[in-house]
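Work through the exercises below with the sequence and the structure open. Try each task before reading its solution.

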Amino acid sequence: MDSIGSLGLQQGEGAPSCPQEGLPCPSNSSEMVQECLQQFKVTGAQLRQIQTSLLGSMEQALRGQVGPAPAVRMLPTYVGSTPHGTEKGDFVVLELGATGASLRVLWVTLTGIEGHKVEPRSQEFVIPQEVMLGPGQQLFDFAARCLSEFLDVLPVDNQGLQLGFSFSFPCHQTGLDKSTLISWTKGFKCSDVEGQDVVQLLRDAIQRQGAYSIDVVAVVNDTVGTMMGCEPGVGPCEVGLVVDTGTNACYMEEARHVAVLDEDRGRVCISIEWGSFSDEGALGPVQTIFDHTLDHESLNPGAQRFEKMIGGLYLGELVRLVLVHLAQRGVLFGGHTSPVLRSQGSILLEHVAEMEDPSAGAARVHAVLQDLGLNPKASDAEWVQCVCMAVCTRAAQLCAAALAAVLSRLQHSREQQALQIAVATGGRVFERHPRFLSVLRETVMLLAPNCDVSFIPSVDGGGRGVAMVTAVAARLAAHRRLLEETLAPFRLTREQLAEVQAQMREAMAKGLQGEASSLRMLPTYVRATPDGSERGDFLALDLGGTNFRVLLVRVTTGGVQISSQIYSIPECVAQGSGQQLFDHIVDCIVDFQQKQGLSGQSLPLGFTFSFPCRQMGLDQGILLNWTKGFNASDCEGQDVVCLLREAIRRRQAVELNVVAIVNDTVGTMMSCGYEDPHCEVGLIVGTGTNVCYMEELRNVASVDGDSGQMCINTEWGAFGDDGSLSMLSTRFDASVDQASINPGKQRFEKMISGMYLGEIVRHILLHLTSLGVLFRGQQTQRLQTRDIFKTKFLSEIESDSLALRQVRAILEDLGLPLTSDDALMVLEVCQAVSQRAAQLCGAGVAAVVEKIRENRGLEELTISVGVDGTLYKLHPHFSSLVAATVRELAPRCVVTFLQSEDGSGKGAALVTAVACRLAQRTRI
Ligand code: 0WK
Ligand code: BGC
Ligand code: BGC
């Protein structure tokens with residue numbers, strides 16, 4: 001096996017008779033050459049050690065573990081799939097860095113038809129040394145000038161051009177069009193670029209150039225362009241290997257193995273950046289004095305050590321250093337060197353390719369050495385050819401060891417013993433060094449025997465591949481624009497929220513004065529919050545939220561004990577007859593009494609009835625209209641306390657003393673007020689939404705009296721039913737409203753509460769699917785099903801602890817075939833909808849607390865708001881967004897939000913307790 005070293009030196013036709021171990025050779029000069037050539041021999045064991053060590057570094061970097069920096073970077077490229085072949089369009093491609101001191105501009109037309117190719121047009125521009133080493137702005141301005149020069153000769157518009165930027169240096173990518181340069185390599189060292197987003201630098205330069213409006217939609221590493229440029233018929237290639245001035249490879253890794261990505265499905269292309277591999281243990285033994293000298297004199301000493309043994313920028317230099325070494329010891333060229341030979345970088349890749357090419361023959365080598373100012377003897381030419389072959393063979397073998405590490409990684413990540421894989425190759429070392437690929441192939445076969453590898457030369461250096469990625473990026477960018485356009489109306493400005501606050505204040509004032517207003521500002525006849533002197537056992541009903549509850553509330557000196565039972569209100573009952581509904585309620589009460597051993601007892605009962613009621617007293621409430629999916633007949637316009645009492649009467653042998661009817665906002669305020677006397681506002685954000693607060697009686701036109709306060713149920717759910725919110729209403733709000741059982745009603749509620757947010761999201765997803773932005777444009781039956789997208793999904797999807805993968809799981813349960821980009825977009829839709837809801841709610845609360853502050857003529861108001869409702873309680877960000885909006889719009893109010901623990905049933909009981917205490921006092 002250890003004979004691998006010699007493999008590279010096969011005695012091909014015209015190959016010089018480079019000395020082999022043990023073969024007879026002329027005097028000590030050949031020993032000295034041999035000793036030099038020996039240094040470039042790499043054993044099988046050494047190659048395996050490099051393979052293993054590189055694999056170890058790759059896996060360490062994938063795990064993203066802390067600890068000593070892994071030798072290779074393993075950079076995600078945001079390319080998640082190999083080309084579909086459906087990509088189409090005209091693209092400009094700018095290649096910088098792949099081929100050293102030159103950049104290339106291409107015009108690539110993708111037809112989107114398999115096998116139908118349009119030859120790209122391209123032009124190469126030499127980059128002056130001072131530009132490669134000068135200020136970054138100069139380099140990008142140079143690139144922008146080349147772009148214009150190239151486009152000037154093409155019959156193209158100067159508008160709306162889409163560009164793919166192939167930037168062949170190590171970069172941290174945070175998106176297909178966002179990439180920060182980590183460090184320069186390969187003879188580049190421009191200032192003010194490392195740590196910068198190179199896409200932005202190019203955009204700025206194109207802007208400065210001003211000749212063309214070019215949209216830079218993607219930045220791609222050259223290895224990725226090479227892999228993506230693989231002929232679909234042959235591929236898909238899942239490894240891209242470049243050996244040009246520098247060297248690197250990329251490959252398709254299972255996304256779940258890339259720790260920095262929170263993805264568990266699909267694959268992602270990783271740029272390995274193996275040029276920086278420098279494990280002393282593995283590389284040390286194969287590095288020669290020439291490698292150390294080369295590194296020491298390079299632009300980036302200590303960096304890119306592996307690349308400096310393989311990349312085309314360095315092969316010539318290695319040969320030069322060996323020749324200088326041998327010449328200075330009198331072994332070559334009669335001990336003479338030349339100024340050219342002594343000058344760094346004078347032997348180029350082309351020189352080595354020519355001299356090493358077995359078919360070139362001694363004469364050609366002679367000519368090249370003469371161009372270098374040398375006067376070589378025939379034997380010199382042979383030795384020089386041997387040196388070239390030794391340097392290149394080692395480069396190919398080292399490259400093979402690295403590639404074998406990638407193949408082992410693919411076997412691991414795909415749990416495949418036998419791997420069949422296509423590797424796209426690109427770069428002038430492949431194009432110019434015919435033996436490079438053959439040595440590489442043979443060495444790979446020995447280091448990775450279970451891998452059947454086909455090497456596919458990239459047709460145009462990856463330009464087409466970059467265009468493919470650009471096409472995908474352009475599609476994603478277009479989708480992102482459509483997503484932003486769709487969500488823009490949901491992104492409310494401070495001015496818009498302040499306008500809602502002002503409109504709400506105006507509507508409150510009008511409502512209190514009994515003028516036409518979308519806010520009914522209903523007096524609740526609750527004049528005070530609890531003072532702690534309440535006592536007794538009370539029954540409470542809680543109707544109108546997600547659950548119907550019957551509660552027994554014991555108010556003692558030791559506090560309040562509650563036992564309750566949840567009962568369902570089937571839709572057919574909620575939308576049946578009023579009699580049926582109230583009979584159902586009484587059935588539940590009776591069931592509860594039996595379970596609690598209360599049968600036959602007539603406890604005072606407080607009825608939390610979470611619908612708009614005009615009250616004429618604590619125990620009288622005329623239902624104005626149903627909301628939230630309730631629609632029982634013969635109730636609107638009726639006193640619901642009477643309806644309950646009638647139902648009780650219908651159910652003989654039941655004694656119940658209905659003392660109070662309260663709205664759930666009032667119940668919540670009272671419930672929290674029992675703990676915190678500052679609590680003078682009750683807020684519900686659940687199935688529906690609403691707020692109540694303690695208003696100065698002098699401001700309540702419909703109730704006599706000027707002193708003291710009364711709790712007002714604003715019924716803000718109906719805010720905007722007069723059209724005052726139309727400026728904020730979107731087409732999706734209109735769709736939800738039209739499909740609701742109360743179109744035109746509860747417009748504010750339909751933008752905020754749990755019954756509607758899921759539907760708004762569903763309508764947006766349908767719209768985005770129809771635009772082809774989501775789910776590849778495939779409308780699914782499920783997504784067209786009303787209420788299929790529950791509001792609780794928003795809370796789940798937006799929870800920080802939920803990775804995208806779980807978002808995907810929720811959506812897949814809905815039968816939605818989605819990509820990771822889809823999952824991300826659905827998350828953004830949910831965020832936009834819930835953020836608007838929370839901000840509108842915050843603007844409403846700001847209006848209420850500011851009203852209270854002004855009522856009391858206070859500079860600053862400290863107040864608490866009792867809150868209940870599933871959406872407010874379960875959504876991960878809703879409550880903080882509401883609080884932030886209130887702070888923004890009511891800076892002179894210090895507002896504490898108290899989440900109600902016991903629901904409004906307790907509040908209803910406390911209201912009943914107060915009523916009973918007051919009734920008792922009047923009786924005494
Ligand atoms: C729990 C309260 C109840 C209120 C409900 C609102 O006890 O009175 O109606 O919160 O939240 P939802 O259940 O509609 O989410
Ligand atoms: C760069 C890589 C690039 C390789 C081949 C290296 O110097 O760091 O990003 O892919 O050269 O061009
Ligand atoms: C009702 C209010 C109730 C709110 C919260 C709205 O639909 O009109 O009375 O407070 O929902 O449950």
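The exercises cover two ligand sites and one sheet.

This is a predicted model, in which local features need pLDDT of at least 70 and side-chain atom pairs count only at pLDDT 80 or more, while totals for chains, interfaces and linings use all residues. Residues are numbered from 1 along each chain as its sequence is written, chains are lettered from A and ligands numbered from 1 in the order in which they are written, and side-chain values use heavy atoms, with hydrogens and water left out.

**Exercise 1.** Describe the surroundings of ligand 3.

Step 1. Find the neighbours: a residue is near a molecule if one of its heavy atoms lies within 4 Å of it. There are 15 residues around ligand 3, and the nearest are Thr627, Lys628, Asp664, Glu715 and Glu749.

Step 2. Look for polar contacts, that is, pairs of N or O atoms within 3.5 Å. Oxygen atoms of ligand 3 lie 2.7 Å from a polar side-chain atom of Lys628, 2.5 Å from one of Asp664 and 2.5 Å from one of Glu715.

Step 3. Check the cover, using accessible areas from the Shrake-Rupley method with a 1.4 Å probe. Ligand 3 alone exposes 310 Å², and the protein buries 99% of that.

Step 4. Locate the shell in the fold, where helices (H or I, at least four residues) and strands (E, at least two) are DSSP runs numbered from the N terminus. Helix H22 (664-673) and strand E23 (689-696) each give at least two residues to the shell around ligand 3.

**Exercise 2.** Which residues come nearest to ligand 2, and how is the ligand covered?

Step 1. Among the 15 residues around ligand 2, Thr185, Asn221, Asp222, Glu273 and Glu307 come nearest.

Step 2. A polar side-chain atom of Thr185 is 2.7 Å from an oxygen atom of ligand 2. For Phe169, a backbone N or O atom lies 3.3 Å from a ligand 2 oxygen.

Step 3. On its own, ligand 2 has 310 Å² of accessible area, and the protein covers 100% of this.

**Exercise 3.** Trace the sheet that contains strand E15.

Step 1. Strands pair if DSSP finds at least two bridges between them. Five strands form an open sheet with mixed pairing, in the order E17-E16-E15-E18-E21.

Step 2. Strands E17 (559-567) and E21 (657-662) are the edges, each pairing on one side only.

Step 3. Strands E15 (residues 536-543) and E16 (residues 548-556) run antiparallel and are joined by seven bridges. Within this pair, Phe538 stands opposite Val553 in E16.

Terms used
Polar contact = N/O pair within 3.5 Å; in protein donor to acceptor, adjacent residues only side chain to side chain.
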